[in-house]
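Student: I am new to this structure and would be grateful for a close look at one part of it. Please then place that part in its wider setting.

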Amino acid sequence: MSPAEKTGALKSAAGFLRSYLLIVLIAVLVVLTAIVEPKFLSGQNMINIMRQFGPLIMVALGMTFVIIGGFIDLSVAGIINLVAVVTISLIQVLGQVPALIVGMALGAACGALNSVVILSSGALTQAEALFMTFGMSTVYSAFALLYSHGSTMHFWDIDKSKSVFEAIGAGKVGPVSVSFLIFLFFLALLWIFQANTTEGRSIRLTGGNKTAAELAGIRIRRSIVVIYTICGFMAGVGAIVLFSRITTAAPVIGANFETNAILSVVVGGTTLKGGKGSVLRTVTGVLLIILMSNCLNLLGVSSYLQVVAKGAILVFAIWLDNRKQA
Amino acid sequence: MDRTTRSSALFGILTRQKALPFIIIMLVGMLFTKTGFYTPYNLLDMLNSSSILLILSFGVTLTIIAGGCDLSIGGILVVSGVLSIKLQSVMPMWPAIFCAIVFGVVVGFVNGFLVVHQRTEAFIITLGMGLLLTGVAQQLTDAHPLPSSNPDFMMIGNGYLLGVPNLVIITIVCFIIFAWLMRYTQFGRNLYAIGGDYEVARYSGINVIRTKWLAFVISGGTAALAGFLLSSKLNTGSAIYGDLTALVVNCGVVVGGTSFAGGIGGIPQSALGLLAFGMLDNVMNMLNITSYYQILLKGTVIVAIIWLDCFAQKRKRELV
């Protein structure tokens with residue numbers, strides 16, 4: 001090999017590493033874990049990993065649209081708190097299916113309210129949206145606390161054999177859990193929406209360059225309403241899956257979901273600058289995060305150090321993303 | 001005509017200085033209630049309990065004026081608080097405190113490297129850094145409160161000098177230093193220029209990278225200082241205090257009139273903004289408002305204030 005070819009090969013290797021470094025790193029971790037702890041490859045562990053495709057992925061799928069649209073949403077934690085306590089209390093009053101529908105509608109309404117607040121103020125940057133939605137999150141959490149009087153609610157007294165929520169939380173179709181099927185359903189729905197509809201493409205253009213999109217005749221205000229509504233709706237779905245699994249709903253149930261969802265989206269490769277990304281990438285991101293925490297759990301790493309690892313990966317992923325842009 | 005100009009002038013005051021009317025409303029409102037609000041003890045106590053947030057806000061103001069923001073302060077706050085107690089088992093008190101502050105400076109340096117040198121988005125990088133540091137603090141304390149056994153350490157945050165709490169004195173000293181730094185030094189003026197327009201500042205020969213980087217380093221240092229003072233005040237180090245502090249302080253700075261757009265604002269404004277939050281807490285406690293309504297009220301105030309900030313930006317854009 002001539003020296004020029006050599007440097008060329010080195011450069012492309014460096015480019016490859018830069019693009020896929022995170023995936024490579026986590027693959028190394030997976031291989032290491034499989035060697036140190038053979039249990040990792042057992043069927044039970046695979047089912048465990050599949051079971052974790054629960055609330056977080058729902059929230060992350062919704063968050064993907066907000067980030068593609070060039071914004072960010074910290075209010076999902078508040079929405080999850082509010083939807084969980086309201087839905088669980090309505091089961092007795094309205095019955096299960098109406099409660100489910102009201103819960104999801106409430107999530108979507110909270111998301112729409114976010115977009116109204118943001119649009120009316122004329123906020124255009126991510127940082128402004130970040131603080132605004134943080135404030136909204138506090139408001140939603142406060143409503144959740146007021147509604148539930150700060151207490152944890154249960155749904156023990158429902159007939160288990162006919163319970164929809166029991167099915168969502170613990171049911172199985174063959175070896176596949178119901179929550180995984182729900183995830184597949186929403187993934188298909190959102191993917192079709194994103195790839196094959198005009199609105200999906202408008203969202204992407206809005207995220208790429210708001211001024212250009214507006215001048216090109218795209219209704220960016222409608223796009224902003226749509227992304228926040230989807231995000232709120234998916235946060236509502238996430239809340240329902242979450243409390244169905246743990247059978248209780250406390251008004252603080254949604255804590256940390258916002259950072260984890262943003263983390264999953266960014267690790268998957270959707271850029272925070274907006275305009276690029278897809279729900280499929282988010283699925284990779286969530287899978288990577290789940291695999292990582294599964295590996296670290298099997299290796300006996302404390303949950304606190306896992307928080308450190310998550311923070312480090314978030315910072316690292318954003319830095320890498322930025323390098324790619326430059 | 002006259003009426004519209006008057007109302008737009010009023011709007012201008014409201015958007016520039018949001019905290020002051022808010023404080024005046026609370027002060028006047030409290031005159032009509034039968035509470036112990038207007039006692040020297042309560043007013044001093046209010047200052048004392050806002051002091052940590054005030055000190056945090058001074059550093060954050062620098063980064064916001066330079067066109068960034070710093071959400072890692074919550075993480076730095078808890079880690080430096082834990083470190084200053086934990087290190088006392090291996091070294092004397094003052095070196096331990098020194099190490100805690102050096103830690104904050106190092107984190108600020110890394111933040112500055114990533115945000116300024118590598119040109120990443122400040123808010124998300126520092127959010128990730130805050131998450132990371134919270135994990136570090138949990139690991140160090142095993143998620144339990146870590147009590148300090150040194151009475152001297154406790155006296156720093158709880159002692160009095162001539163009848164005034166130490167914390168209030170430290171806050172006033174910090175205030176004077178930072179206000180002087182921003183108003184009368186080249187560094188401070190350069191920061192305003194950088195926040196106003198990064199490229200113009202660069203072409204006018206300001207070393208933009210070094211100046212903005214330094215803002216993040218200083219913010220990390222002040223956060224660490226506040227962290228050790230908080231630990232000393234509570235006599236414990238714990239990983240939980242940082243949870244919402246970062247967002248509240250950043251919002252408080254904006255409430256004061258320092259804008260996320262950069263280049264506008266100052267240390268006195270930030271002090272007013274955080275004081276408004278401190279006073280709101282105090283007033284709500286005085287009026288016996290239950291804690292859930294307090295959270296609701298605080299959230300609403302944050303949304304309203306940031307809304308006003310964005311709305312003012314929009315009007316400015318439309319005028320140009």
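Tutor: A residue is called buried when its relative accessible area is under 20%, exposed when that area is over 50%, and partly exposed in between. The model shown here is predicted. The part chosen for a close look is Ser148(B), whose relative accessibility is 12%, so Ser148(B) counts as buried.

Ser148(B) sits in a loop of chain B, with strand S1 (146-147) on one side and helix H7 (151-158) on the other. Leaving aside residues up to four places away in sequence, Ser148(B) touches Ile85(B), Phe153(B) and Asn235(B). The side chain of Ser148(B) also reaches the backbone nitrogen of Asn150(B), at 3.2 Å. As a reference point elsewhere in the chain, Ile23(B) is 125 residues from Ser148(B) in sequence, and the two C-alpha atoms are 36 Å apart in space.

The wider setting includes the boundary between the two chains. Here, 40 residues of chain B are in contact with 42 residues of chain A. Together the two chains bury about 3800 Å², and 80% of this area is on carbon and sulfur atoms. Within chain B, the residues that lose the most area to chain A are Phe123(B), Leu131(B) and Tyr292(B), which together account for 17% of what that side buries. Helices H6 (122-141), H12 (245-256) and H14 (291-319) of chain B each supply at least two residues to the side that touches chain A. H14(B) gives the most, with 15 residues. Sorted by class, this side of chain B has 26 nonpolar, 10 polar and 4 charged residues. Between chain B and chain A there are 6 residue pairs in polar contact, with both residues at pLDDT 80 or more, while the count of salt bridges between the two chains is 0.

Where, then, are the salt bridges? Over all chains the count comes to 3.

One of them joins the side chains of Glu199(A) and Arg222(A), at 2.9 Å from N to O. This pair links distant parts of chain A: Glu199(A) belongs to helix H9 (residues 198-208), Arg222(A) belongs to helix H11 (residues 220-246), and the two are 23 residues apart. Glu199(A) has 13% relative accessibility and therefore counts as buried, whereas Arg222(A), at 42%, counts as partly exposed.

Another salt bridge joins the side chains of Glu199(B) and Arg202(B), at 3.2 Å from N to O. Both residues lie in helix H10 (residues 198-203) of chain B, 3 residues apart, which is about one turn of the helix. Glu199(B) has a relative accessible area of 32% and is partly exposed; Arg202(B), at 37% relative accessibility, is also partly exposed.

A further salt bridge is formed by the side chains of Lys298(B) and Asp281(B), at 3.4 Å from N to O. Lys298(B) lies in helix H14 and Asp281(B) in helix H13 (residues 267-286) of chain B, so this pair ties together parts that are 17 residues apart in sequence. Lys298(B) counts as partly exposed because its relative accessibility is 24%, and Asp281(B) counts as partly exposed because its value is 26%.

To return to the part chosen at the outset, Ser148(B) is a buried residue in the loop between strand S1 and helix H7 of chain B.

Technical notes: Residues are numbered from 1 along each chain as its sequence is written. Chains are lettered from A and ligands numbered from 1 in the order in which they are written. This is a predicted model: local features need pLDDT of at least 70, side-chain atom pairs count only at pLDDT 80 or more; totals for chains, interfaces and linings use all residues. Side-chain values use heavy atoms; hydrogens and water are left out. Helices (H or I, at least four residues) and strands (E, at least two) are DSSP runs, numbered from the N terminus. Buried means under 20% relative accessible area, exposed over 50%, partly exposed in between (1.4 Å probe, protein chains only). Contact means heavy atoms within 4.5 Å. A polar contact is a pair of N or O atoms within 3.5 Å; within protein, one must be able to donate a hydrogen and the other to accept it, and residues adjacent in sequence count only if both atoms are side-chain atoms. Buried area is the accessible area (1.4 Å probe) that two parts lose on being put together, summed over both. A salt bridge is a side-chain nitrogen of Lys or Arg within 4 Å of a carboxyl oxygen of Asp or Glu. Ala, Val, Leu, Ile, Met, Phe, Trp, Tyr, Cys and Pro count as nonpolar, Asp, Glu, Lys and Arg as charged, and the others, Gly among them, as polar.
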